[in-house]
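Visitor: Got a minute to walk me through this one? I'd like to start with the sheets and then move on to the helices.

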Amino acid sequence: MVASQPSRPSDAEILDAIVIGGGPAGLSAALVLGRCLRRVVVCDAGHPRNEPARIFNGFLSRDGSSPSEFLQICRDQLRRYETIELRKVKVMDVERGDCRFTAILETGERVGSRMLLLATGLVDELPQIKNFRQFYGSTVHNCPYCDGWECRDQAIAVTGGNQDSVELAIELLLWSKDLILCTNGPLTCDRKAVETIRRLDIQVIETPISRLEGKGNKLEGIRFSDGKFLPRSALFFSPGQYQRSHLAERLGCEFCEDNNCIQCGENAATNIPGLYAAGNASRGVQLVIAAAAEGMEAAFAINNALLEADTASNALRDHKPGQAVPFDRTTARN
């Protein structure tokens, strides 16, 4: 069973890993590490990126699942592992010491570990359009791989006039030819993109958007500032994004210039020894199944680093599986 309250580690006894973030990446990593008899605590603030979505798709065996249902199944499956502890709590800060990390929780508790995994995700910046949130996650979407199939052959609008929005509109032609790019102002993309949308006969409306209209969570259309109404049953947008947590920056992680994700090597290791990242916070492919796979990859790397350290220090010989390794024999390496 998962303990309801964690023990407070001393310098002589710390956890093998702290996982910050209880989404697909964090829970997948915890599963692998727990099965390796590594002592892990997962700290989850409880607000996943796909929280507004009714369903998610593209995950083999879980296609069409709701985000909340999926996460509950994951948590339930972790409860049989004594080595895994789940806590619904926010990590306010992390201190990096000599071969250890100390997480400071919102409760004031301090939890120490040899390794740290950031699976904290991203936050989407939503367009400042009236009634946008009313339809977001139901008939307003940002990922055609997740929701394009459900919107196939429908009347689709794409909002935004930058390069990413234009590329999204081009991509959505795979699912529907009844597509209009509503830039909500002047186009700001490059000339090549403008030539492409003209060649593909994508209609462009640059009139500012006044509001979205519909009943319940069902979009019916777009009302423009000049009073005109465009009937549409689905809308897509390309969001700006930022890191949900400040911890990566606080710890000195390097970031990718093109998308502000945490920069990692092939084994999910950051530039900080003992610190790993997985999921949307560190990758460009933002799908649930990809995040779960990246969490597994990170767990393999963390366990291998721990195994190397335990072998070198003879801790592997002396300690009992599932028990903490004495701190004075712990070395955090990538």
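**Sheets and helix pairs**

Guide: Sure. In this predicted model, five strands make an open sheet with parallel pairing, ordered S8-S15-S9-S10-S11.

Visitor: Which strands are at the edges?

Guide: Strand S8 (140-141) and strand S11 (203-205), each of which pairs on one side only.

Visitor: How many bridges join S10 to S11?

Guide: Three bridges, with strand S10 (residues 179-182) and S11 running parallel. Isoleucine 180 has glutamine 203 in S11 as its bridge partner.

Visitor: And which strands does H5 touch when it packs on that sheet?

Guide: H5 touches strand S9 (156-159), S10 and strand S15 (234-237). The direction of H5 makes about 165° with that of S9.

Visitor: OK, what about the sheet with S12 in it?

Guide: That's an open sheet of three strands, in the order S12-S13-S14, with antiparallel pairing. S12 and strand S14 (229-231) are its edge strands, each pairing on one side only. From one strand to the next, the twist averages 25°.

Visitor: How many bridges are there between S12 and S13?

Guide: Six, joining strand S12 (residues 209-215) to strand S13 (residues 218-224) in an antiparallel run. Across that pairing, leucine 212 stands opposite isoleucine 222 in S13.

Visitor: What sits in the turn of the hairpin that S12 and S13 form?

Guide: There are two residues between the strands, and glycine 216 in the turn has a positive phi of about 60°.

Visitor: And on the other side, how do S13 and S14 pair?

Guide: In the antiparallel sense, over three bridges. Arginine 223 has phenylalanine 229 in S14 as its bridge partner.

Visitor: Switching to helices. At what angle do H1 and H2 cross?

Guide: Roughly 15°, with the axes of helix H1 (residues 24-35) and helix H2 (residues 67-78) coming within 10 Å. An angle under 35 degrees counts as roughly parallel, so H1 is roughly parallel to H2. The crossing is left-handed as H1 passes H2.

Visitor: Which residues make the contact?

Guide: From H1, Pro24, Leu27, Ala30 and Leu31; from H2, Phe70, Leu71, Cys74, Arg75 and Leu78. By class, that contact of H1 with H2 has eight nonpolar residues, no polar ones and one charged.

Visitor: Now H5 again. How does H5 cross H6?

Guide: At roughly 25°, and the axes of helix H5 (residues 163-172) and helix H6 (residues 191-199) come within 10 Å. That angle makes H5 roughly parallel to H6. The crossing of H5 past H6 is left-handed.

Visitor: And what's in that contact?

Guide: Gln163, Val166 and Ile170 of H5 meet Ala193, Thr196 and Ile197 of H6. The contact of H5 with H6 divides into four nonpolar, two polar and no charged residues.

Visitor: Last thing, confidence. What does the pLDDT average over the chain?

Guide: The protein chain averages 89, and 92% of the residues score at least 70.

Visitor: Where does pLDDT stay under 50?

Guide: Residues 1-9 are one such stretch, and the model has 22 contacts for them beyond four places in sequence. The pLDDT is also below 50 over residues 327-334, a stretch with 32 contacts in the model beyond near neighbours in sequence.

Visitor: Why should I care about low pLDDT when reading coordinates?

Guide: Because predicted coordinates should not be read in detail where pLDDT is low.

Note on methods:
Residues are numbered from 1 along each chain as its sequence is written. This is a predicted model: local features need pLDDT of at least 70, side-chain atom pairs count only at pLDDT 80 or more; totals for chains, interfaces and linings use all residues. Side-chain values use heavy atoms; hydrogens and water are left out. Two strands pair if DSSP finds at least two bridges between them. Helices (H or I, at least four residues) and strands (E, at least two) are DSSP runs, numbered from the N terminus. Axes are lines fitted to C-alpha atoms, for helices over the stretch in contact, and angles run from 0 to 180 degrees between N-to-C directions. Angles under 35 degrees count as roughly parallel, over 145 as roughly antiparallel, 65 to 115 as roughly perpendicular and the rest as oblique. A crossing is left-handed if the near helix is turned anticlockwise from the far one by less than a right angle, and right-handed if clockwise. Contact means heavy atoms within 4.5 Å. Ala, Val, Leu, Ile, Met, Phe, Trp, Tyr, Cys and Pro count as nonpolar, Asp, Glu, Lys and Arg as charged, and the others, Gly among them, as polar. pLDDT is the predictor's confidence in each residue, from 0 to 100.
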